[in-house]
Amino acid sequence: MLDFAIFAVTFLLALVGAVLYLYPASRQASGIPGITPTEEKDGNLPDIVNSGSLHEFLVNLHEQYGPVVSFWFGRRLVVSLGTVDVLKHHINPNKTSDPFETMLKSLLRYQSGAGNVSENHMRKKLYENGVTDSLQSNFPLLLKLSEELADKWLSYPETQHVPLSQHMLGFAMKSVTQMVLGSTFEDEQEVIHFQKNHGTVWSEIGKGFLDGSLDKSATRKKQYEDALVQLESILKKIIKERKGRNFSQRVFIDSLVQGNLNDQQILEDSMIFSLAGCIITAKLCTWAICFLTTSEEVQNKLYKEIDQIFGKGPITPEKIEQLRYCRQVLCETVRSAKLTPVSARLQDTEGKIDQFIIPRETLVIYALGVVLQDPNVWPSPYEFDPDRFVDDSVMKTFSSLGFSGTQACPELRLAYVVATVLLGVLVKRLHLLPLEGQVTETKYELVTSSREEAWITVSKRC
């Protein structure tokens, strides 16, 4: 459905495991530099676990062996690509269906697979139109929720600590569920119920499937299956309600309902978009605010842009595209946080990268987190510097990786706009301040997050 997915594979290798389970492949090594299996049965899984995450494992592997490396998952060869040049070389001839969608469907135990090229193109257009219509129709809602959050923070004493991750997840759940699924989620209890089930399902994706721990725990398995059934029940009810009817407030699911899709496809696509859209939006907003609290210069520059464009007036959809520096801040947030650090694609036919042959049906990892901090592409890569995106060539490189422009996935496109409105409201009214002495440790999962709660304080902007 998408030309190039930017979503992540966790260190738990759920996505990897799903690919290798679904597709048989040759166990033949291809002469690509890398490491031999640590264990016959598990391959290099112990090395990945010892590294802390798949991303951290790949950082070390590419530092040692170069841009094209290999390792083993079980008895299966996996190839990882770790520079912009080799990624571009591989992406261009391998534009097939979205690998994240395919793997997430398998992890959710869904059966329908990707269609042909024409069907994938059609569904991509449905996604694009759905995001556009939803953003246009629900802009007042998004602004209202952002203002409510600012009011809530302003009601706190200036010394009160704000649990940023928790608040951003709640904000994302409220905004994304209403924009994607409609007025059902105007009821806060419905949002809370959805969030609870969403958390149960999301936490098991990438945790219990690979090692079989979910199947070994009857309690966990029942909780997961019950949560998934409840989410599906909610979506089925919404699909039924919105079929054959026109609503004044368009939401994302309307595009799917009115497209040439059967009920199961609508259910699966809306489930995947809801699961991923909420998390990506929440983490993008969390990281953006974290970086703003630690860079007073960037925050002041963003405030000046917001003040120059909107002045004393409200934030409007007509002017939001003028927030160029805000977009640079969000792009740099995605890069610096390595928001989605790994992606993957199946090698459809035998291919060649540099002098190396990649056998057919090899799993190819896109080490995006490695690429996003390559000093040859991003000078001072560990510095948060939105000004790097003033350069059109830098933005072009970023877009080629699937993080912006026409290559960006719909969930990230939605998250960019939601985060822009939220930052516009918050920075216009508040100083965002760090918690003194706090050290934010990173946890690399399907979407990168802070290992512990990220705390901030706020004060009213005069």
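This is a short talk on the cores, one helix, one sheet and two backbone angles of a predicted model.

Let me start with the inside. In soluble globular proteins, nonpolar side chains tend to be buried together. In this model, the largest nonpolar core holds 121 residues. Those with the most contacts inside that core are Leu81, Leu108, Trp153, Val201, Ile289, Phe398 and Leu414. Which helix gives the largest share of this core? Helix α13, residues 263-293, does, with 17 residues.

Take Phe398 as an example from that list. Leaving aside residues up to four places away in sequence, Phe398 touches Cys331, Val334, Arg335, Leu372, Trp378, Phe389, Phe403, Ser404 and Tyr416. So you can pick Phe398 on the screen and go through those neighbours one by one.

There is also a second, separate core, of 16 residues. Among its members are Ile48, Leu54, Leu58 and Leu61. Leu54, Leu58 and Leu61 are also buried residues of helix α3, which brings me to that helix.

Helix α3 runs over residues 54-65, which makes 12 residues. How far apart should its ends be? At 1.5 Å a residue the span should be 16 Å, and the end C-alpha atoms are indeed 16 Å apart, so the two values agree. The expected value is 1.5 Å times one less than the number of residues, in case you try the sum yourselves.

Now the sides of α3. Its buried residues are Leu54, His55, Phe57, Leu58, Leu61 and His62. Looking down the axis, these fall within an arc of 155 degrees, so they line one face of the helix. Glu63 and Gln64, on the other side, are exposed. What do the buried residues pack against? They pack against α2 (45-51), β1 (68-73), β2 (76-81), β7 (363-366) and α17 (368-371). After α3 comes glycine 66, with a positive phi near 110 degrees.

Next, the sheet. It is an open sheet of three strands in the order β3-β11-β8, and the pairing is antiparallel. β3 and β8 are the edge strands, since each pairs on one side only. Helix α7, residues 139-154, packs on this sheet and touches β3, β8 and β11. The direction of α7 makes about 65 degrees with that of β8.

Here are the pairings in detail. Between β3 (residues 162-163) and β11 (residues 455-460) there are two bridges. Valine 162 has isoleucine 456 as its bridge partner in β11, and proline 163 has tryptophan 455. Between β8 (residues 430-434) and β11 there are five bridges. One partnership to look up there is histidine 431 with serine 459 of β11.

Last, two backbone angles. Most residues other than glycine have a negative phi. Lysine 338 has a positive one, near 50 degrees. Lysine 338 sits in the loop between α16 (324-337) and β4 (343-346). Is lysine 338 buried or exposed? Its relative accessible area is 6%, and the cut-off for buried is under 20%, so lysine 338 counts as buried.

The second case is aspartate 354, which is not a glycine either but has a positive phi of about 55 degrees. Aspartate 354 is in the loop between β5 (351-353) and β6 (356-358). Its relative accessibility is 41%, so aspartate 354 counts as partly exposed.

That is the end of my part.

Note on methods:
Residues are numbered from 1 along each chain as its sequence is written. This is a predicted model: local features need pLDDT of at least 70, side-chain atom pairs count only at pLDDT 80 or more; totals for chains, interfaces and linings use all residues. Side-chain values use heavy atoms; hydrogens and water are left out. A nonpolar core is a set of buried Ala, Val, Leu, Ile, Met, Phe, Trp, Tyr and Cys residues joined through side-chain atoms within 4.5 Å. Buried means under 20% relative accessible area, exposed over 50%, partly exposed in between (1.4 Å probe, protein chains only). Helices (H or I, at least four residues) and strands (E, at least two) are DSSP runs, numbered from the N terminus. Contact means heavy atoms within 4.5 Å. Two strands pair if DSSP finds at least two bridges between them. The arc is that of the directions from the helix axis to the C-beta atoms. Axes are lines fitted to C-alpha atoms, for helices over the stretch in contact, and angles run from 0 to 180 degrees between N-to-C directions.
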